[in-house]
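Open the model in your viewer and get ready to select residues. We will go stop by stop.

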Amino acid sequence: MSSSPLSKKRRLSGTETKTGSHCSSSNSVRTDLSHTPANGMAKNGNDAEIDEGLYSRQLYVLGHDAMKRMQNSNVLISGMRGLGVEIAKNVILGGVRSVTVHDQGAAEWRDLSSQFYLREEDLGKNRAEVSQPRLAELNNYVPVTAYTGALTEDYLTKFQVVVLTNSTVEEQKHLGEFCHNKGIKLIVADTRGLFGQLFCDFGEEMIVYDTNGEQPLSAMISMITKDNPGVVTCLDEARHGFENGDHVTFTEVQGMTELNGCQPVEIKVLGPYTFSICDTTGFSDYVRGGIVSQVKMPKKISFKSICSSLAEPEFLLTDFAKFDRPGQMHIGFQAIHAFQKKHNRLPAPWNQADGDELLTLAKEVNSAQTGSAKVEQLDEALIAKMSYVAAGDLSPVNAFIGGVAAQEVMKASTGKFMPVMQWLYFDALECLPEEEAMPTEAECKPRSCRYDGQIAVFGTKLQDMLANQRYFLVGAGAIGCELLKNFAMIGLASGTGEVIVTDMDTIEKSNLNRQFLFRPSDVTKMKSDTAAAAVKQMNPSINITGHQNRVGPETERVYDDDFFESLDGVANALDNVDARMYMDRRCVYYRKPLLESGTLGTKGNVQVVIPFLTESYSSSQDPPEKSIPICTLKNFPNAIEHTLQWARDEFEGLFKQSPENAMQYLTDTKFMERTLKLPGAQPVEVLDVVYKTLVTDCPHSWADCVAWARNHWQCQYSNNIRQLLHNFPPNQLTSSGAPFWSGPKRCPHPLEFSTSNDLHMDYIMAGANLFAQMYGLPGSTDRAGVVKILQEVSVPTFTPRSGVKIHVSDQELQNSNSSVDDSKLEELKSQLPSAESFQYKLNPIDFEKDDDTNFHMDFIVASSNLRAENYDIPPADRHKSKLIAGKIIPAIATTTAAVVGLVCLELIKIVQGHKKLESYKNGFMNLALPFFAFSEPIAAPKHKYYEIDWTLWDRFEVTGLQSNGEEMTLQQFLDYFKNEHKLEITMLSQGVSMLYSFFMPAAKLKERLDLPMTEIVTKVSKKKLGKHVKALVFELCCNDLSDEDVEVPYVRYTIR
């Protein structure tokens, strides 16, 4: 759920209806379809600008340079079954130069279990030809061509990257050797039921420009020694975070200036605040200051060809608990190829004889090995399972391997991130039934239905269970779209079940880069309805309903007890922690399984929450984000993040809070009463802002708005800085004799306004237009006209004043309890106009980062960069400013696809009713490194009172209505716990309302004891209980018989 602009970069040409721009067909990969594809070829390659409106979130993952390199890659993807189409989808969304999809086979029933662009009416048609137009719709900048001929060596020379799926081992070896010798980058990907395989060969010399994708670190310096090697000490505000072997460079060092702008130096870490560099004995003496910044160094890596890698494999582990599996699967996959070559088919599902034969072939393959690929002991049970499920084709496994493989295509094209070296194997055998009762051959025979690929692995029983599931999907953004695709493929809710998907957002242009169910023509439509309609196309039998509700207390009359009790489970596809925590609480209360996942750039995680088995999402929390101290923002910024946060605060204060407060003053009779109760000097501050907004600053024309912006510029970038330097002159010393302006405190300088300075004019244009919007006045984009107005604006001269207090630290700020100036307060109250006399309607402005025409980001960028200039901080361009000020989460389709594949494997376990903790897997991945880690979920922590064990899933069930038809009173409730559970309640609360406590005044207590529980709740909370509320949740503090405080579960108090 994110938001984005319609970019002005691309204009529609007169003859074209879709977004995109024409260019000659010479940009296409010439195949047997030599004409221009119907989607209108877009310029890709070096001559193309990157459409930031579309690629915004991905650009924050890859960067502009990598995106430009990617736009030079022509990619061939061979095999258009479920895995091939998944890779193609992700690569096309990513924005390579062109994609050619290749297949010589026709669509058959078993393909439909995971090939989301094949439909039942396509059976018997060529898979590549049917998929091509549907893939081409994903991204108008990427021409997609279908090719159905043979893969000859000559044909492959047109491509920079070749991906083989569903290919024979002979083809892999032959084409692999050719690609290796010709410098074409090769990826081989395959899935067989619950098993997956990936191989990369990017040539003997590949340069990786960025091995991890992390932002380069920087730190402020407090000391550098003259030594061999010299030792650098950083300010002890934060650890430097560098590692041995990192390269760094220096800026702003005083004294030892030889280091400034030096070539990157390799460092050796000595401690969290220190590291050594080169020999500094010949340099000048260090005086003070300086910033050290990490430099990303290109790294050369070398790959072996597939033939030598088959014999001497290097494995990337995906699961440390399965340390010996990759070697076994390496042999197993080769044995499956041998079986296929011999019989022209895969081993039959769960067929004993084929299983025995595959084992024999695996032994032959193993004994023929001469290199390190030979395993000492074959895992016969594993090889047998490979045979039993090899004919299967599972959407979640294809999603995982396909997401990872597509990221490898991007690495091959860009040199961004570390490739897979060189084999990756994956299995999800935990999805099979937990007990020994495995599916039978009869249950897993093909049925000539769209789920044949899945029935081959699990049989028909699971298919029936999936069809009748009722699931709630919260969110239809990137993760939501991927989940819905998988739900449709696996047949979730295709019988009597239903998927309910809710999302209150509309589709925006930047969503199209990864939310692959949406098209340019869908922009501004509701996400949930559009996504529901799109998956109906993929599998018409899925029962799906779209809602536009935000989940939260305000929609509990929609998502009430009846709704949750009817569910089989919940899947979160959210973009914020608060909504995740809320859904987690609901799932714990209704005891429903929850599938939780999230992504951040190339990082992704999956958590599965199972009632009575695992901890919940809220059981563990990330540490809070570090906030910037107020005094740093106000007076002592030292990084662009500080000036951007300051600019965001400016925007909120000027254009949102000021008009909101003023409108409240005009329309809400209680506003004055509330304001005067505020602590400290706040009443004066608030009323001063209202007075300015309604009286002194109130404009009557566009010229007034320009004058306001000019005077505000003067105040912020000249006067306030001059006042600060009056209080703390540049050469000021602290009480200990050290320079005041040193370390993290950068000495500022005031700016002089000039109409010929573009940045100054950007600020005036944006500020004046926003100010005009706020008062409902017309704005203007005529810069020359504004320059004329500015010549008439009088700017009062400013003289710094003595006696102005400026706080140096947040501690000092807290300790200074500013008192209310009563005379000033009374003066303001008397001067404020009456509501009737004010003729404007004020419009508070909500910050929206993704509309390039609304002046919001223009104001933020100008505002932040002017302040950065005050303090000599390097400025940030619009793209970087938008990331930081807009708190944008970088995102890319590959990570989302892979993460959701893992989520859906957990779903398959939940539907079967897996009971063992070790059957489930929480996962974490970082595709940039590449790194994968799986762990069994943490068990729900156990608590105890008396001899009773309980976890967060347990509760006391109390029925409020007694047999006589009367509701329980507070006295009866207290007695019930004393008699039934031997617990003395010392405090009792519901939500934020305290209903009872042992220290309550006697009169209040006496009055409450005989009241029914619901009456006390409505009385204390001052809210009526809705008709949808069937039960209340009470929290207890209790003592046991020995008067010891004991922790106990919550109470579910049923009232209807």
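Start with the open sheet in this predicted model. The sheet has eight strands, in the order 3-2-1-4-5-6-17-16, and the pairing is mixed. Now colour 144-147 and 315-316: these are strand 3 and strand 16, the edge strands, and each pairs on one side only. Strands of a sheet pair through backbone hydrogen bonds, either parallel or antiparallel.

Next, select residues 195-201 and 423-427. These are strand 6 and strand 17, which run antiparallel and are joined by five bridges. Which residue of strand 17 is the bridge partner of F199? Pick W423 to see that partner.

Now add the helices. Select residues 82-94 for helix 2. Helix 2 lies across strand 1 (74-78), strand 2 (98-102), strand 3, strand 4 (161-165) and strand 5 (185-192). Its angle to strand 1 is about 165°. Then select residues 325-343 for helix 7. Helix 7 lies across strand 5, strand 6, strand 16 and strand 17, at about 90° to strand 17.

Move on to C631. An unreviewed UniProt entry places the feature "active site" here. C631 sits in helix 17, residues 630-634. Is C631 buried or exposed? C631 counts as buried because its relative accessibility is 4%, and the cut-off for buried is under 20%. Show its contacts beyond four places in sequence: C631 touches F636, H807, V808, S809, D810 and L813.

Last, zoom out to the domains. The domain assignment gives domain 1 (218-295), domain 2 (673-872) and domain 3 (942-1054). The centres of domain 2 and domain 3, taken over C-alpha atoms, are 53 Å apart.

Key:
Residues numbered from 1 in each chain as written. Predicted model: local features only at pLDDT ≥ 70, side-chain atom pairs only at ≥ 80, totals over all residues. Heavy atoms only, no water. Domains from an automatic or database assignment. Pairing = 2+ DSSP bridges. Helix = DSSP H or I, 4+ residues; strand = E, 2+ residues; numbered from the N terminus. Contact = heavy atoms within 4.5 Å. Axes fitted to C-alpha atoms, helices over the stretch in contact; angles between N-to-C directions. UniProt positions renumbered as here; feature names shortened; annotations may be inferred. Buried < 20%, exposed > 50% of the residue type's maximum accessible area, 1.4 Å probe, protein only.
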